[in-house]
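Open the structure in your viewer and get your selection tool ready. We will walk through it stop by stop, and at each stop you will hear what to select and what is there.

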Amino acid sequence: MAPITVSIVTYNSEHVFEAIARFKTEIMVHYPVTLRIFDNHSVPAYVKKLQALADERIIITAAEDNHGFGFGHNVNLVQSTDPYFVCCNPDILINRASFVAMYDFIDAHPEVSMITPKITDPDGKVQYLIRAKLDVFDYLLRFIRYDFVKRLFAKRIARYECRNLSDERQQIKFGSGAFMFLRASMMRQIGGFDERFFMYFEDNDLCMRINQAGGQIFYLPDAPVVHYYARDSHKSTRGFKLFLTSMYRYFNKWGWRWF
């Protein structure tokens, strides 16, 4: 297996320590994997606990300010020379079989620039995070809490969430930033993440640029990962404002599609 950098950007995430432990026991004892953890100015006690884990293959960078998700991954990308670069949320748990399946596929297919795994809740329920297209109406539907509206647009929501995807490996257009197994040369070619997206839509923008550059994105349903998945945009006013800001920037950049 070729060397791989796993990049994790964290901000006071309670799950990152479990994620690191899982990588150490499931992956790093077998393969040439380096963990680069970028902390986005968490509380001092949290940073100290992270730094205690540092060694030759677990590199901790503690930022003095929070510049966002994409910024942290870009710093880790610049510091890496490995041919593969994995963007992994701090609340993701992965096993050895899934990691190897993704590596084997991308390594055997040079035309593939990114792999998205099947992402599930801890109880095994699928999180429908793959998208075929993006528009304003479908995004805003997610924030409507009235059940009768959800029922009225149930078929549309199902199409938006790509719930009809088969259990076959297949090319997709948009994968989730929760876990991206990336060809590092493509990341360097397109300049990494657009740091104007502090949080939200940075993964959609990255996928658009990979597609635009001629790279392929594949979904591997036989390589599941577990995602604890806290929807901050649904829980706080600040998260919702960040979401709306990023949505505006995304559609302003790529063109407004309302329906």
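The tour below goes from the inside of this predicted model to its surface.

**Stop 1: S113**

Select S113, which sits in strand β6, residues 112–120. Is S113 buried or exposed? With a relative accessibility of 5%, S113 counts as buried, because the cut-off for buried is under 20%.

Now add Q216 to your selection. The two residues are 103 places apart along the chain, yet their C-alpha atoms are separated by 5.4 Å. Which residues does S113 touch, leaving aside those up to four places away in sequence? They are I106, F181, L182, R183, M186, I210, G215 and Q216. Try showing them as sticks around S113.

**Stop 2: D138**

Next, select D138 in helix α5, residues 136–141. D138 is buried too, at 3% relative accessible area. Leaving out residues up to four places away in sequence, D138 touches K133, R156 and Y160. Look at R156 in particular: its side chain makes a polar contact with the side chain of D138, at 2.5 Å.

**Stop 3: aromatic pairs**

Time to look at rings. How many aromatic pairs does a search of the whole structure find? The count is 22. One of them joins F137 and F259, a tilted pair with 5.2 Å from centre to centre and 40° between the planes. F137 belongs to helix α5 and F259 to the segment after α11, so this pair ties together parts that are 122 residues apart in sequence. F137 is partly exposed at 24% relative accessibility, while F259 is exposed at 61%.

Then select Y248 and W256. These two also form a tilted pair, 5.8 Å centre to centre with 55° between the planes. Y248 is partly exposed, at 47% relative accessible area, and W256 is partly exposed as well, at 34%. To find W256 along the chain, go to the segment after α11 (237–254).

You can widen the view from here. Ring pairs link Y248 and W256 into a cluster with Y139, Y160, Y200, F201, F243, Y250, F251 and W258. You met Y160 earlier, among the residues that D138 touches.

**Stop 4: a surface patch**

Finally, switch on the surface and select Y248, W256, W258 and F259. What do these residues form on the surface? They make up a nonpolar patch, with about 510 Å² of accessible area together.

Definitions and conventions. Residues are numbered from 1 along each chain as its sequence is written. This is a predicted model: local features need pLDDT of at least 70, side-chain atom pairs count only at pLDDT 80 or more; totals for chains, interfaces and linings use all residues. Side-chain values use heavy atoms; hydrogens and water are left out. Patches are made of residues with over 30% relative accessible area and no salt bridge: like charges are joined within 9 Å, nonpolar side chains (Val, Leu, Ile, Met, Phe, Trp, Tyr) within 5 Å. Accessible areas come from the Shrake-Rupley method with a 1.4 Å probe; for residues, only the protein chains shown count as cover. A salt bridge is a side-chain nitrogen of Lys or Arg within 4 Å of a carboxyl oxygen of Asp or Glu. Helices (H or I, at least four residues) and strands (E, at least two) are DSSP runs, numbered from the N terminus. Buried means under 20% relative accessible area, exposed over 50%, partly exposed in between (1.4 Å probe, protein chains only). Contact means heavy atoms within 4.5 Å. A polar contact is a pair of N or O atoms within 3.5 Å; within protein, one must be able to donate a hydrogen and the other to accept it, and residues adjacent in sequence count only if both atoms are side-chain atoms. Rings of Phe, Tyr and Trp (its six-membered ring) pair if their centres lie within 6.5 Å; planes under 30 degrees apart count as stacked, over 60 as edge-to-face and the rest as tilted.
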